[in-house]
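Here is a short report on one structure. Look it over, then read on with the picture beside you.

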Amino acid sequence: MTDYKEIIKSFTKEDFEKDKVNLHIHTICSDGQAVPMDIVTQAQEKGFKKIAISDHNTLDAYKNPDIINSGIVIPAVEFDVWCGYVFMHLLAYGVDVGNAELQSFCAKSKAETELDIVRILSKRNIKKLIEAIHNAGGIAVLAHPACCWAVSMDKFLQKLISFGLDGIEVYYPYKRHRGIIKFHTTKTIEKLADKYGLIKTGGTDLHGLNL
């Protein structure tokens, strides 16, 4: 069985910044533009070590067995969830895509994978969600943390860690609207990742056609 946690821990800052690893990609299975297999083909042609298709609240990309069998893809999903007063995105990596408990947290309609107004109404329980991710063999990672409107990111992370958080998305471009609604600096995020020994991940949050 593939140890995705150790694989992800082995990635370096350079891997993320030099287009060797991209663990945050959306496809037509949620609100992206690309067909999942097209992304896989591009990644292979461009010499990526690993990528992760992490569609919003759905694992539908993995209905195609060729995606996982490609050997280049880490199975993933990005969940919308509230933690207290903070709306956040939680990435799940290395999960068993057929796990029934994890599937129960996935979208029941296409709108839940696409529309912000629908997704922000999420009623997922953060503690139970992280538990389900772990039970599915995966790790739980806080996505684009600088955009979380927590008053204290340090205290917010302490709370998430108490629920079982494994990692944090340190290497993220913060383009477009996410560059405007930042509440914390990337330096602060990286320092906190080091402080709490969190796994560092990264990705471009691709929604377009090309890697």
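## The sheet

In this predicted model, five strands build an open sheet. Their order is β3-β4-β5-β6-β7, and the pairing is mixed. Which strands stand at the edges? They are β3 (76–83) and β7 (199–202). Each has a single partner strand, so one side of each is left without a neighbour in the sheet. On average, neighbouring strands are turned by 40° against each other, direction ignored.

Take one pair of strands. Strand β4 covers residues 86–93, and strand β5 covers residues 139–142. The two run antiparallel, and four bridges join them. Leu 91 shows one such link: its bridge partner in β5 is Val 141.

## Helices on the sheet

Two helices can now be added to the picture. Helix α9, residues 153–163, packs on the sheet. Helix α9 touches β3, β4, β5 and β6 (167–171). Its direction makes about 120° with that of β3.

Helix α11, residues 186–196, also packs on the sheet. What does helix α11 touch? Its contacts in the sheet are β6 and β7. The direction of α11 makes about 145° with that of β6. Recall that β7 is one of the edge strands.

## A loop residue: Ile 28

Now leave the sheet for a loop. Ile 28 lies between β1 (21–25) and α3 (36–45). Is Ile 28 buried or exposed? Its relative accessibility is 40%, so Ile 28 counts as partly exposed.

Leave out residues up to four places away in sequence, and Ile 28 touches Gln 33, Ala 34, Val 35, Pro 36 and Lys 110. Pro 36 begins the range given for α3. Distance along the chain is another matter. Ile 28 and Leu 209 are 181 residues apart in sequence. In space, their C-alpha atoms are 9.7 Å apart.

## Cysteines without a bond

A disulfide is a covalent bond between the sulfur atoms of two cysteines. How many disulfides does a search of the whole structure find? The search finds zero. Cys 29 is in no disulfide, and its nearest cysteine sulfur is that of Cys 106, 12 Å away. Cys 106 is in no disulfide either; the nearest cysteine sulfur to it belongs to Cys 29. A disulfide needs two cysteine sulfur atoms within 2.5 Å, so a pair 12 Å apart does not count.

Where do these two cysteines sit? Cys 29 has 15% relative accessibility, so Cys 29 counts as buried. Cys 106 is buried too, with a relative accessible area of 5%.

Note on methods
Residues numbered from 1 in each chain as written. Predicted model: local features only at pLDDT ≥ 70, side-chain atom pairs only at ≥ 80, totals over all residues. Heavy atoms only, no water. Buried < 20%, exposed > 50% of the residue type's maximum accessible area, 1.4 Å probe, protein only. Contact = heavy atoms within 4.5 Å. Pairing = 2+ DSSP bridges. Axes fitted to C-alpha atoms, helices over the stretch in contact; angles between N-to-C directions.
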